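Please open the structure in the viewer and keep the sequence panel visible beside it. The tour below proceeds by selection, one stop at a time.

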Amino acid sequence: ANTRSPARRRPPGPTAPTSAWKRLYLGLLHLNDTPGRIAGGVAIGVFIGVAPTFGLGILLAGGLAALFKCNPVAAMAGSVIGAPPMIFGVWLGSSWLGALLLGLDYHALYARVRAGEIFSAGWDAVLAYAVGNVIVTAALTLLAYAIVLPVMHRHQRRRAQRPISRA
């Protein structure tokens, strides 16, 4: 039974993007697994979600998580970072970083790609993206693990300290 007053109910309709992230977060908190396996699953999911997997990300994330004995559900949840609109920032950031590291003019490269001259940009664009994406993928993977692990430890400690209610 819903104990909320009618004034506090949300109106029907599409949910805001922040509520989708909140539901994802709350879903992770309710997984019945160790903090390390959940954090490992999220990290694998982020790794696969950021890497160019051409639509196979969620399947690869779940499979790799099972292979490495991490939580596959957490991995699939972590792979959503590779969904629009997040992935566009990853693509641009990877290309920018790769161009910077390779000494290429990012703005000229980006202008050629936007003008439809992807083939004239050629290997410079592909190489800039690939080099940058390796670094961005590694950084986001480590960051995901470093954030999720302490959050899961804290949540499970708090859950263990709660008194058991007998209704």
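The model is predicted. Begin with helix 3, which gives the most to a nonpolar surface patch, contributing 3 residues.

**The nonpolar patch.** Select Leu-56, Ile-58, Leu-59, Leu-60, Val-73 and Met-76, and display their surface: together they make a nonpolar patch of about 540 Å². Two elements give two or more residues to this patch, namely helix 3 (57–67) and helix 4 (72–78). Within the selection, centre on Ile-58, a residue of helix 3. How exposed is Ile-58? Its relative accessible area is 45%, and since the partly exposed class lies between 20% and 50%, Ile-58 counts as partly exposed.

**The loop between helix 3 and helix 4.** Move next to Lys-69, which is found in the loop joining these two helices. Its phi is near 60 degrees, a positive value in a residue other than glycine. Lys-69 has a relative accessible area of 62% and is therefore classed as exposed, the cut-off for that class being over 50%.

**Helix 5.** Now select residues 86–102, the 17 residues of helix 5. The distance from the first C-alpha to the last is 25 Å, close to the 24 Å expected at 1.5 Å a residue. Which residues of helix 5 are buried? Colour Ile-87, Val-90, Ser-94, Ser-95, Leu-97, Gly-98 and Ala-99 to show them. Then step just past the end of the helix to Gly-103, where phi is positive, at about 75 degrees.

**A pair of prolines.** Select Pro-150 in helix 7, which covers residues 118–161. With a relative accessible area of 43%, Pro-150 is partly exposed. Add Pro-35 to the selection and draw a C-alpha to C-alpha distance: the two prolines are 7.9 Å apart in space, although 115 residues separate them in sequence.

**The whole protein.** Finally, zoom out and switch to a cartoon representation. The protein contains 7 helices and 0 strands, so that its elements, read from the N terminus on, run α-α-α-α-α-α-α. Of the 167 residues, 34% are buried. Among contacts with a separation of 6 or more, 70% involve residues 24 or more positions apart. With the surface displayed, the accessible area comes to about 11,200 Å², and carbon and sulfur atoms account for 69% of that surface.

Terms used:
Residues numbered from 1 in each chain as written. Predicted model: local features only at pLDDT ≥ 70, side-chain atom pairs only at ≥ 80, totals over all residues. Heavy atoms only, no water. Helix = DSSP H or I, 4+ residues; strand = E, 2+ residues; numbered from the N terminus. Expected span 1.5 Å × (residues − 1). Buried < 20%, exposed > 50% of the residue type's maximum accessible area, 1.4 Å probe, protein only. Patch = residues over 30% accessible without salt bridge, like charges linked within 9 Å, V, L, I, M, F, W, Y side chains within 5 Å. Areas by Shrake-Rupley, 256 points an atom, 1.4 Å probe, with all protein chains shown as cover. Salt bridge = Lys/Arg side-chain N within 4 Å of Asp/Glu carboxyl O. Contact = heavy atoms within 4.5 Å.
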